[in-house]
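Q: I am new to this structure and would like a close look at a single part of it. Could you walk me through the place where the chains meet?

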Protein chains: 2
Amino acid sequence: MTQHTDRDYDVYELGDVELQSGITLRGARLAYKTYGTLDEDRGNAIVYPTWYSGRHWENEWLIGEGMGLDPSRYFIIVPNMLGNGLSSSPSNTPPPFNGPRFPNVTFYDQVKCQHRLVTEHFGIERLEMVLGWSMGAAQTYQWGVSYPDMMRSLLPFCGSAVTAPHNKVFLDSVAAALTADAAWQSGWYREQPQLGLRAAARVYAGWGFSQAFYWQEEWRKLGFTSYDDFLVGFWEGFFLDDRDVNNLLTMLWTWKHGDVGNTPGFDADTEAALRSIRARIIQMPAEKDLYFPPEDEQWSSQFIPGSEVRVIPGVWGHFAGGGANPEDTAFIDAAVKELLAP
Amino acid sequence: MTQHTDRDYDVYELGDVELQSGITLRGARLAYKTYGTLDEDRGNAIVYPTWYSGRHWENEWLIGEGMGLDPSRYFIIVPNMLGNGLSSSPSNTPPPFNGPRFPNVTFYDQVKCQHRLVTEHFGIERLEMVLGWSMGAAQTYQWGVSYPDMMRSLLPFCGSAVTAPHNKVFLDSVAAALTADAAWQSGWYREQPQLGLRAAARVYAGWGFSQAFYWQEEWRKLGFTSYDDFLVGFWEGFFLDDRDVNNLLTMLWTWKHGDVGNTPGFDADTEAALRSIRARIIQMPAEKDLYFPPEDEQWSSQFIPGSEVRVIPGVWGHFAGGGANPEDTAFIDAAVKELLAP
């Protein structure tokens, strides 16, 4: 699944970062990769954050010649989320803040670090677009609220500005599966807890794709030959692909506590935070997404000035935004092009 | 939750029952309870099987004076599923077929045993109705296929005639959570594995009710005061309420392998089995049921002669059929009355 060269990315040394939790992440590192060339006037930059457990190379399906995110035209920055194993994470932070002692990180914290990379390191003051899938969508909303005058457009797909209660039930179930394995040892494992990772994979499998996806055996399009082949090959394989349980739990915390209302200055008022968004935005849920149902986006769109909700049709559910189904990718890419048009 | 008197039910001694698996369940016992009085002509009987982990007293919400299932008028038999802890189950079968060695049981097996109770013990040849929720719905379909000329009407609610692939993904995730706990010990535990039961409860919590149920905090109607109060109080409490992990795994197997096409004589032809149903039937999925979506019932209804699909509206999802929401109960009860009308 990975096919990436080790360390084919850069790291921005953030130094000491004080998080919303009050804990300072010392010597924080932001791993990122860029695609394309920054114009002399620094006016062609796009930020495209990663998703739950995703790494920069897993965003590349939406980048390419002739696509909206064309590296011959745009300078695309893919920052890895804190907690994903490349940026500062439980798995790579030295003691004492390693493993289960890694601090809680909010989407506000994530975007604040990314903003420093963009402004301090690259000297960029204006973005053409921020976009992302799933937790990347949450970061997209956060960019729109934290730095409302900085970008021309926003394209959050299959994600939300505030994590819905039912979504939290799902996330808690993933955490319960990860931590039911005795090998987890409250996070002080020496080897990855296999049973917990595989149980979490099985839980995720029911949520990632829709009922109709399984009914129609759409997994055949991914090269799998039976139900069990897909459940083990795709899902268990996904969770064993260099994922770390403490990292997964850290990112779950970030996700579960997602709410643009927690941005300083808004005093937990989510609606006010949404009203502060200034960029042109297309909110793009997937028709049969089981944990980010279109209703969530319909709700938030009431408050975002000029927002359009455009639903990705079809049966791929949440993974409509994962890059594996050409039709969904074309649908998302069309919106990217539309938002980037002069 | 239970409030039942111990042993307020009867047991029919089935003797040796050869199951579809080829294993003979020796000294099999069918626990059941009846409500009302059997007419002299034995023409007022109704069969109302239980659901996943449910016991006869958990069916009683649909039985009562003035309701369709009025015990002053009908003789209502509630047979407990094999595997539910009252009828023969892993938890109450003597060695060597106890615990994880308890044989696999199909819906065909279940209904065959129930049919013996109805005919041999009560001498009933004709039923006014068979109905049930969830796995009870699957047994309802099975009754219609196994004994097509025996009942006047069928009312399966929030369940299906064949378990859909996505439903299996969900069931496998519950099993993965139950068995991720080292205390499970491949089923040879001496005490119930707490972590596994609680993890399974957390997984179930995301599926039992809809996204909108959580968004609207409908759990307040059940007397819970916060998200966590509901997740622990209702869901973990549910799985700790005298449930046994081997029993739960046995019933999961039954559910996962649900398919009326597996009835002898149909040679795995589900559509032919559905076409053989003769009784008047209302198929009643719930609008936002996440594991038995209405599409499943729309599909099967194509093959059932004269079937009507009538969707339970609202946000309670699968638990629309669980008896806790008065509006949903009234909706189901109206269909019971309609089908029982002369």
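A: Happy to. Across the interface of chain A and chain B, 12 residue pairs are in polar contact, both partners having pLDDT 80 or more. A polar contact here is a pair of N or O atoms within 3.5 Å; within protein, one must be able to donate a hydrogen and the other to accept it, and residues adjacent in sequence count only if both atoms are side-chain atoms.

A word on the ground rules: this is a predicted model, in which local features need pLDDT of at least 70 and side-chain atom pairs count only at pLDDT 80 or more, while totals for chains, interfaces and linings use all residues. Residues are numbered from 1 along each chain as its sequence is written, chains are lettered from A and ligands numbered from 1 in the order in which they are written, and side-chain values use heavy atoms, leaving out hydrogens and water.

The interface of chain A and chain B also holds four salt bridges, each defined as a side-chain nitrogen of Lys or Arg within 4 Å of a carboxyl oxygen of Asp or Glu. For example, a salt bridge joins the side chains of R202(A) and D172(B), at 3.6 Å from N to O.

Which elements build the side of chain A that touches chain B? At least two residues each come from α3 (165–180), α4 (194–208), α5 (211–215), α6 (227–240) and α9 (294–301) of chain A. Helices are DSSP runs (H or I, at least four residues), as are strands (E, at least two), numbered from the N terminus. The largest share of that side, nine residues, is supplied by α3(A).

Stepping back to the whole interface, chain A gives 33 residues to the contact and chain B gives 33 residues, where contact means heavy atoms within 4.5 Å. About 2800 Å² is buried between chain A and chain B, with carbon and sulfur atoms giving 72% of that area. Buried area is the accessible area (1.4 Å probe) that two parts lose on being put together, summed over both.

How do the copies relate? Chain A is superposed on chain B by a rotation of 180° with 0.0 Å of shift along its axis, at an RMSD of 0.0 Å. The two copies are therefore related as by a two-fold rotation axis. The fit is by least squares on the C-alpha atoms of residues with pLDDT of at least 70 in both. Both copies use the same surface, as 100% of the contact residues of chain A recur in chain B.
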